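Student: I have a model open and would like to talk it through with you. Could we go over it piece by piece?

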Amino acid sequence: MVAVSARYRAAARFDDLLVVTTTLTELRSHSLRFAYRLEREGTLLAEGETRLACIDANQKLVPFTGELRAILLSPEEGALLESHEKAH
């Protein structure tokens, strides 16, 4: 974890049904950044961001492998399905 931030907009209750959206917003050779949104029935409750670095067992920076980059950049099945449904 290189950096983390959160902005709270409204409270959530224990039994609320929440939607968490995670988006890869930046992919560099040794680090990446995710943005997060937490919503209840369309109301934004919180948003945040994390920046993570890729390190080895000795805590030295290492580049992401091509395979991992491909996985991170590929769309999720659910997102593809949602996009398809909106198009039709």
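Student: Let me start with a side chain: is F34 buried or exposed?
Tutor: Bearing in mind that this is a predicted model, F34 counts as buried because its relative accessibility is 18%, and the cut-off for that class is under 20%.

Student: Which aromatic pair does F34 form, and how is that pair arranged?
Tutor: A search of the whole structure finds one aromatic pair. The partners are F34 and Y36, whose rings lie 6.4 Å apart centre to centre with 40° between the planes, so that the pair is classed as tilted rather than stacked or edge-to-face.

Student: And Y36, how does that count in terms of accessibility?
Tutor: Y36 counts as partly exposed, because its relative accessibility is 28%, whereas its ring partner F34 is buried at 18%.

Student: Which residues make up the largest nonpolar core?
Tutor: That core has five residues, namely L27, L32, F34, C54 and F64. As a general remark, nonpolar side chains in soluble globular proteins tend to be buried together.

Student: Take L32 from that set; what does it touch?
Tutor: Once residues up to four places away in sequence are set aside, L32 touches L24, E26, L27, T50, R51, L52, F64 and L72. Of these, L27 and F64 are also listed with L32 in the largest nonpolar core.

Student: Changing topic, what is the strand order in the sheet?
Tutor: The order is β1-β4-β3-β2, in an open sheet of four strands with antiparallel pairing. The edge strands are β1, residues 3–8, and β2, residues 19–27, each of which pairs on one side only. On average, and with direction ignored, neighbouring strands of this sheet are turned by 15° against each other.

Student: What packs on the sheet?
Tutor: Helix α1, covering residues 66–73, packs on it and touches β2 and β3, and the direction of the helix makes about 135° with that of β2.

Student: How many bridges are there between β1 and β4?
Tutor: β1 and β4 are paired in the antiparallel sense over six bridges. In β4, E47 is the bridge partner of R7, and G48 is the bridge partner of A6.

Student: How many join β3 to β4, then?
Tutor: There are 10 bridges between β3 and β4, which run antiparallel. Here G48 comes up again, since Y36 stands opposite G48 in β4. The two strands form a hairpin with two residues between them, and in the turn E41 has a positive phi of about 50°.

Student: Where is E39, and which side chain does it have a polar contact with?
Tutor: E39 is in strand β3, residues 31–40, and its side chain is joined to that of R37 by a polar contact of 3.4 Å. Beyond four places in sequence, E39 touches L17, L18, V19, L44 and L45.

Student: Last one: what is A53 in contact with?
Tutor: A53, which is found in strand β4, residues 43–53, is in contact with V2, H30, S31 and L61, leaving aside neighbours within four places in sequence. A53 counts as partly exposed because its relative accessibility is 30%. From A53 to R28 the C-alpha to C-alpha distance is 9.3 Å, with the two positions 25 residues apart in sequence numbering.

Technical notes: Residues are numbered from 1 along each chain as its sequence is written. This is a predicted model: local features need pLDDT of at least 70, side-chain atom pairs count only at pLDDT 80 or more; totals for chains, interfaces and linings use all residues. Side-chain values use heavy atoms; hydrogens and water are left out. Rings of Phe, Tyr and Trp (its six-membered ring) pair if their centres lie within 6.5 Å; planes under 30 degrees apart count as stacked, over 60 as edge-to-face and the rest as tilted. Buried means under 20% relative accessible area, exposed over 50%, partly exposed in between (1.4 Å probe, protein chains only). A nonpolar core is a set of buried Ala, Val, Leu, Ile, Met, Phe, Trp, Tyr and Cys residues joined through side-chain atoms within 4.5 Å. Contact means heavy atoms within 4.5 Å. A polar contact is a pair of N or O atoms within 3.5 Å; within protein, one must be able to donate a hydrogen and the other to accept it, and residues adjacent in sequence count only if both atoms are side-chain atoms. Two strands pair if DSSP finds at least two bridges between them. Axes are lines fitted to C-alpha atoms, for helices over the stretch in contact, and angles run from 0 to 180 degrees between N-to-C directions.
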